[in-house]
Amino acid sequence: MLCLSILSLFQACKEPELNIENSKQYGNVYLQSATNGAILQSYNIKDEWVETAIGAGYGGLDKLSQKISIELAIDASKVTEYNNQNNSNYELPPAGSYDLENPTVEIDRNFGGSNSAKLRVNAIKLGGTKSYIIPISIKNVSPELPVTKGLQTTYYIVNGVYESNPFPPIPLTGWKIIDFSDDDYDAIGGRAPYCIDGDKTTCWLSTYRRVNGWRPTHPHHVTIAMANEQILHGLKLYGRTGTSNAYLFPKTVQIETSTDGQTWKSAGIFIIAASSDETAATMYFEKSTNAKYFKVTVLNSAGNGDTTAIAELEAF
């Protein structure tokens, strides 16, 4: 009786067998990385390739009886689909700034996960701080198995960030002021050309003297022609030094660029503050651009008054 009781208890503890007809139909492959929406990745802007591992998984009632091969690919067709669903306007990154290494992965029998493919991104080749999207999809499974709905594509949203400026300033030789809103004179110059003379002790100063109680208010602008067309990644702006002049430092700045001086495009609107060490601010473009001309418009200044000052402009 004791033996029969033990045998009955053992049988009761055994995992029940599930006899499900055509159980193979419930086997699916998927991308583990697609389970939590788009993946945001920022890279320090320097000339190096950074790798992200991407693998596939298998789930189902039956264990795999043989190895399966899964082909992954960068899927440009998914960019528009993602933008339509998310009211966004992402693009693929510039050619040559990313690739997918070892795109075919395998899941061995009796295993649920694959080895890894590698998404590689070189941030300096992104050409700025703009965000891009890289959709990676399961394109083929051999032998054929269904792909879990909604887990076929992983979206990577990537952008570059600057730890420090890797670009040297463009030489000032041959630069000219071709247009400006207004200027004034005082002990440190004040005229528009002083913002590109290479001397941070002089500056361009907007008109501060009142005539009949009036002086020009923001915006104030200056337009510069460089000697030659260049690839511009951004500008560095130096303000007038001295704590008593802090109110003159530009706070909101619009930058426009042109190749011919006639047709202009925006490089961005920047909210900046003076650094404590050199009374300067660096403005990185979202996307580098070819230009011979650039226009800097100060929309308002730190003191919220009528006037502004720029000691020096550097382009890089």
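Buried means under 20% relative accessible area, exposed over 50%, and partly exposed in between (1.4 Å probe, protein chains only). Please keep in mind that this is a predicted model, where local features need pLDDT of at least 70, side-chain atom pairs count only at pLDDT 80 or more, and totals for chains, interfaces and linings use all residues. Residues are numbered from 1 along each chain as its sequence is written, and side-chain values use heavy atoms, with hydrogens and water left out.

**Figure 1. The whole chain, with two helices and 18 strands.** Helices (H or I, at least four residues) and strands (E, at least two) are DSSP runs, numbered from the N terminus. Of the 316 residues here, 41% are buried. The C-alpha atoms fill a box of roughly 115 × 45 × 30 Å, taken along the principal axes. Among contacts (heavy atoms within 4.5 Å) with a separation of 6 or more, 77% join residues 24 or more positions apart.

**Figure 2. A close-up of threonine 154 in strand E9, which spans residues 153-161.** With a relative accessible area of 1%, threonine 154 is buried. Not counting residues up to four places away in sequence, threonine 154 touches Leu31, Ser33, Ala34, Ile39, Ile134, Pro135 and Ile136. Look too for the backbone nitrogen of alanine 34, which the side chain of threonine 154 reaches at 3.4 Å.

**Figure 3. A close-up of threonine 153, also in strand E9.** Threonine 153 counts as buried because its relative accessibility is 10%. The side chains of threonine 153 and serine 137 make a polar contact at 2.6 Å. Such a contact is a pair of N or O atoms within 3.5 Å; within protein, one must be able to donate a hydrogen and the other to accept it, and residues adjacent in sequence count only if both atoms are side-chain atoms. Leaving aside residues up to four places away in sequence, threonine 153 touches residues including Leu31, Lys78 and Pro135.

**Figure 4. A close-up of aspartate 260, in the loop between strand E14 (250-258) and strand E15 (265-271).** Aspartate 260 counts as partly exposed, at 39% relative accessibility. Follow the side chain of aspartate 260 to its polar contact with the side chain of serine 258, at 3.0 Å. A polar atom of that aspartate 260 side chain also lies 2.9 Å from the backbone nitrogen of threonine 263. For a wider view, find lysine 63: the C-alpha atoms of lysine 63 and aspartate 260 are separated by 66 Å, with their positions 197 residues apart along the chain.
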